[in-house]
Amino acid sequence: MRYFAEAESLLAWYDTHARDLPWRISPAARAAGAHPDPYRIWLSEVMLQQTTVAAVKSYFLRFTTLWPTVADLAAAEDAQVMGEWAGLGYYARARNLLKCARVVVRDHGGRFPDTLDGLRALPGIGPYTAAAIAAIAHDQPHVVVDGNVERVMARLYDIHTPLPTAKRALTEAAARLTPRLRPGDYAQAVMDLGATICTPKSPACGLCPWRAPCAARAAGTAQHLPRKLPKTPKPVRHGHAYVARRADGAWLLERRPDSGLLGGMLGWPGSDWGESPLHTPPIAADWQQLEAEARHTFTHFHLRLTVHVAIVPDGVPPERGMFLSDAAFRPTELPTLMRKVFDLARAALNYSP
């Protein structure tokens, strides 16, 4: 009975305090018979991986304006989608986004599967995303556990085992509370509770619908939870990036291998990334090294790129890459790292769009 009461009290709170998000159906609209669009739920969940709601909103609105349906996205040009994705990072997600959209259209008639197994079979959809779509879009009682939910569960049950070791215990705790009635609203309610009340710092315990059963509040440990194992410092890798412009205005670009970081994307030719990368220009030219570095942080390391620029005459063949005419060159479609390189190089090459 306790778990029923806790779910009921949280849903009552959510009915009044639910966040207004562009991919969400409000509790009132859902009660009136409106149904969430699985496409919008899927798109938002993919975008929200490792990214904040505040950062995602503008991207989501732009994507759904350009591609209102999964069929529209499936028909989009890869380069345009990658360009619109720039700034969200993790470009493998954008590649899988297109793969998934095309599989949904080709194999499922443009409709997302409504089972957990069917969703898991789609490219780029893992256990969390499948559970989120099944719960939120299809109102099925699946357990949805993101960082907000982990924090709420750690405090509600005063669990001191550090993350990521505690993930299984926190998921089990969340599963015990997931109701069969309104599971989609409930999944979003726990996320909202973590995002707005049970925040990482200075949780507003006095406003929390779960303040009475919260074991960490009673023990005075809420602000210290969840505990986390110490982070390993990120190493720093170095590399070279080469920005060459031909006398006719064309740019020398290189498509990266499909696998690995920035896979399949156009960018500036460069060296390997490591401790002592070799200086390997892609074309014979009078290369000039810029004083400023292009700096970028990936999940597991920091990157520092030394930027070299050159103007090359017509008719000189590159050893790597291909020339793209100035008319076809769109800096906005470069991944964020390559745009940082370009922003440093453009002044040295007297570029103005």
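Visitor: Which element gives the largest share of the lining of the second largest cavity?
Guide: α12 does, with three residues. Elements are DSSP runs: helices (H or I) have at least four residues, strands (E) at least two, and numbering starts at the N terminus. The model is predicted: local features need pLDDT of at least 70 and side-chain atom pairs pLDDT 80 or more, while totals for chains, interfaces and linings use all residues. Residues are numbered from 1 along each chain as its sequence is written, and side-chain values use heavy atoms, without hydrogens or water.

Visitor: What makes a space a cavity and not a pocket?
Guide: Escape of the probe. On a 1 Å grid over the protein atoms alone, a cavity is a set of points where a 1.4 Å probe fits but cannot get out; a pocket is an open set with protein on both sides within 12 Å along at least five of seven lines. A residue lines either one if it has an atom within 4 Å of a point.

Visitor: How many cavities of 30 Å³ or more does the structure hold?
Guide: Two. The largest has a volume of about 130 Å³. It has 14 lining residues, and R155, C198, C205, C208 and C214 are the closest to its centre. The second largest has a volume of about 60 Å³. Among its lining residues are H142, M153, T178 and Y186. α10 and α12 (183–196) each give two or more residues to that lining. Volume here is the space filled by probe spheres set on grid points, which are joined across faces, edges and corners.

Visitor: What classes make up the lining of the second largest cavity?
Guide: Eight nonpolar, two polar and no charged residues. The nonpolar class is Ala, Val, Leu, Ile, Met, Phe, Trp, Tyr, Cys and Pro; Asp, Glu, Lys and Arg are charged; the others, Gly among them, are polar. The largest cavity has eleven nonpolar, no polar and three charged residues in its lining.

Visitor: Why is the contact of D139 with R30 called a salt bridge?
Guide: The rule asks for a side-chain nitrogen of Lys or Arg within 4 Å of a carboxyl oxygen of Asp or Glu. The closest N and O atoms of D139 and R30 are 3.5 Å apart, so the pair qualifies. D139 lies in the loop between α9 (127–137) and α10 (147–156) and R30 in helix α2 (residues 27–31), so the pair ties together parts 109 residues apart in sequence. Both belong to a salt-bridge network with D15, R182 and D185. The count by this rule is 18.

Visitor: Is R30 buried or exposed?
Guide: Its relative accessibility is 13%. Buried means under 20% relative accessible area, exposed over 50%, partly exposed in between (1.4 Å probe, protein chains only), so R30 is buried. D139, at 33%, is partly exposed.

Visitor: How do you know that D78 and R102 form a salt bridge?
Guide: Their N to O distance is 2.8 Å. The bridge links helix α6 (residues 78–85) to helix α7 (residues 91–108), with D78 and R102 24 residues apart. D78 is partly exposed at 40%, as is R102 at 29%.

Visitor: What volume does the second largest pocket have, and which residues are closest to its centre?
Guide: The volume is about 410 Å³. D78, A79, M82, R255 and G264 are closest to the centre, out of 21 lining residues. α7 gives the most, four residues. The lining has eleven nonpolar, two polar and eight charged residues.
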